[in-house]
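I opened the model to look up its nonpolar core and two helix crossings. My notes follow.

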Amino acid sequence: LPEDQDERAVLSFLRSRHTGLSQHDEENVARAVVHEAKRHDLDPALVLAVIQVESGGFNFATSHVGALGLMQLLPSTAEELANRANLDWRGTDSLFDPVMNVKLGTAYIKHLADKYGDVSTALAAYNWGPGRIDRRIRKGSSVPSVYIERVMKAFDVALSRREDSPTAG
């Protein structure tokens, strides 16, 4: 079992879902979620909440618009992120590598949070696409809130899961 409380909480979530992953891969994903979140100055519970809302934790999820994997990234967005981060992009199959998906998705959340200056707008842009959010903001329209509310609800659950996970000792 991981010693880190955040890793245990992520692993607990993954093991409670149909992920399509081996136990070893689930452990690697738990480590990646925590490592990438902390590297990008994000709460691991937020990354886990996005995974929960986007794919329910199913690694091989595919959306009706072609978003793939745990964090439901569009291949075009993911390829751009991989190139920017100097990660080995091997086409759309890269998005079914759960650690790669988490690296790219977490970097994308951070990129959007930096761009918009707040996590709520970043989440809306993650879901709607930054172009659509930019147009809404320019027109003075409100930022859509349903997705933000779903992620924040999952975030609260992820936080309580973390607090409930036994400490290593």
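I looked first at the largest nonpolar core (buried Ala, Val, Leu, Ile, Met, Phe, Trp, Tyr and Cys residues joined through side-chain atoms within 4.5 Å), where buried means under 20% relative accessible area with a 1.4 Å probe, protein chains only. This core holds 50 residues, and Val50, Ile51, Met71, Leu104, Tyr126 and Val151 touch the most other members. I noted that α1 (5-15), α2 (23-39), α3 (44-55), α4 (75-84), α5 (98-116), α6 (119-128) and α8 (146-164) each supply at least two of its residues; helices are DSSP runs (H or I, at least four residues) numbered from the N terminus.

This is a predicted model, with local features needing pLDDT of at least 70 and side-chain atom pairs counting only at pLDDT 80 or more, while totals for chains, interfaces and linings use all residues. Residues are numbered from 1 along each chain as its sequence is written, and side-chain values use heavy atoms, without hydrogens and water.

I then checked Leu104. Beyond its neighbours within four places in sequence, Leu104 contacts Leu73, Ala78, Leu81, Ala82, Leu87, Trp89 and Leu95 (contact: heavy atoms within 4.5 Å).

Next I took α6 and α8. Their axes, lines fitted to C-alpha atoms over the stretch in contact, with angles from 0 to 180 degrees between N-to-C directions, come within 8 Å and cross at roughly 110°. The two helices are therefore roughly perpendicular (65 to 115 degrees). Ser120, Leu123, Ala124, Tyr126 and Asn127 in α6 meet Tyr147, Ile148, Val151 and Met152 in α8.

Last, I found the axes of α3 and α8 within 8 Å, crossing at roughly 125°.

Terms used: Angles under 35 degrees count as roughly parallel, over 145 as roughly antiparallel, 65 to 115 as roughly perpendicular and the rest as oblique.
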